[in-house]
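Good morning, colleagues. I should like to take a few minutes to present one structure, beginning with its sheet and then turning to its disulfides.

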Amino acid sequence: MRAPPLLLLLAACAPPPRAAAAAPTPPGWEPAADAPWCPYKVLPEGPEAGGGRLCFRSPARGFRCQAPGCAAHASAGRSLRASVLRNRSVLLQWRLAPAEARRVRAFALNCSWRGAYTRFPCERVLLGASCRDYLLPDVHDGVRYRLCLQPLPLRAEPAAAAAAPEPAGAAECVEFAAEPAGMREIVVAMTAVGGSICVMLVVICLLVAYITENLMHPAFGRPGLRRQP
């Protein structure tokens with residue numbers, strides 16, 4: 001049984017099947033769809049301490065920093081940004097080009113804050129290559145923080161590494177200072193209370209004027225209607 005001519009023509013014109021290629025990491029602020037978890041280690045201070053405990057967190061997909069509840073700060077290269085939230089937490093996000101992301105094995109995050117005469121370290125975190133954000137749960141009001149993120153390249157073969165070791169990528173840094181949320185809330189509360197007190201005073205003054213005019217002094221007859229003796 002011969003196939004119809006139309007089917008033979010469609011089979012001849014159809015393109016050959018191609019092998020399925022892996023989708024590259026999107027260059028946006030969010031991780032790839034096949035990366036549901038972000039592995040990280042919070043490294044303790046001091047070289048004699050251990051390597052830290054391995055933890056996992058889910059990425060903050062669809063996050064948008066909207067004022068007045070959030071203030072965004074970006075690095076000089078515009079590839080690292082810190083969103084300072086009103087609850088004194090900071091969401092750090094970064095992005096990489098697909099070609100650069102394939103050469104990264106991890107990220108090193110260093111946090112420090114500025115004192116009166118020097119800078120003090122606050123946190124060191126090692127994040128996996130699939131991570132694109134990290135949450136700092138608590139920052140102090142009025143303190144100038146500096147967060148630096150450095151991509152770490154893939155480990156090369158021993159022979160290739162001895163010949164020409166690949167240097168680590170340049171670190172992107174962002175600085176910010178959390179606004180004193182307590183003072184802002186106090187000012188807002190005092191403004192609201194002051195406005196309510198002003199409205200109450202106006203109502204009380206109108207009520208006193210009405211009572212004085214109509215109850216304390218009864219209405220007198222008109223002079224022209226008084227009877228003559």
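**Sheet and disulfides**

In strand S10, phenylalanine 176 is the bridge partner of tyrosine 145. Please keep in mind throughout that what is displayed is a predicted model. That pair of residues belongs to a longer contact: S9 and strand S10, which covers residues 172–177, run antiparallel and are joined by six bridges.

Let me stay with strand S9, residues 144–153. This strand is mostly covered, with seven of its 10 residues buried. Besides S10, strand S9 also pairs with strand S6, residues 104–114, and here nine bridges connect the two in the antiparallel sense. One example is valine 104, whose bridge partner in S9 is proline 153.

How are the strands ordered in the sheet as a whole? The sheet is open and has six strands, in the order S2-S1-S7-S6-S9-S10, with antiparallel pairing. Strand S2, residues 54–57, and strand S10 stand at the edges; each has a single partner strand, so one side of each lacks a neighbour in the sheet. From one strand to the next, the twist averages 25°. As a general reminder, the strands of a sheet pair through backbone hydrogen bonds, in either a parallel or an antiparallel arrangement.

At the S2 edge, the partner is strand S1, residues 38–43, and four bridges hold S1 and S2 in antiparallel pairing. Within that pairing, tyrosine 40 has cysteine 55 of S2 as its bridge partner. Cysteine 55 has a relative accessible area of 19%, and therefore counts as buried, the limit being under 20%.

This brings me to the disulfides. How many does the structure hold? There are four. With bonded cysteines counted along the chain, their pattern is 1-6, 2-3, 4-5, 7-8. I shall describe three of them.

I begin with cysteine 65 and cysteine 70, whose sulfur atoms are 1.9 Å apart in the disulfide they form. The torsion about their S-S bond is about -105°, so this disulfide is left-handed. Cysteine 65 is partly exposed, at 29% relative accessibility, whereas cysteine 70 is buried, at 10%.

The next disulfide links cysteine 111 with cysteine 122, at a sulfur separation of 1.8 Å. Cysteine 111 lies in strand S6 and cysteine 122 in strand S7, residues 119–128, so the pair ties together parts that are 11 residues apart in sequence. Is the link left-handed or right-handed? Its torsion about the S-S bond is about -105°, so the link is left-handed. Cysteine 111 counts as buried, with 7% relative accessibility, while cysteine 122 is partly exposed at 28%.

Finally, we return to S9 and S10. A disulfide joins cysteine 148 to cysteine 173, with an S to S distance of 2.0 Å. Because cysteine 148 lies in strand S9 and cysteine 173 in strand S10, this pair ties together parts that are 25 residues apart in sequence. With 110° about the S-S bond, the link of cysteine 148 and cysteine 173 is right-handed. Cysteine 148 is buried, with a relative accessible area of 16%, and cysteine 173 is partly exposed, at 22% relative accessibility.

To close, I would draw your attention once more to strands S9 and S10, which are joined by six bridges and also by the disulfide of cysteine 148 and cysteine 173. Thank you for your attention.

Notes:
Residues numbered from 1 in each chain as written. Predicted model: local features only at pLDDT ≥ 70, side-chain atom pairs only at ≥ 80, totals over all residues. Heavy atoms only, no water. Buried < 20%, exposed > 50% of the residue type's maximum accessible area, 1.4 Å probe, protein only. Pairing = 2+ DSSP bridges. Axes fitted to C-alpha atoms, helices over the stretch in contact; angles between N-to-C directions. Disulfide = S-S within 2.5 Å.
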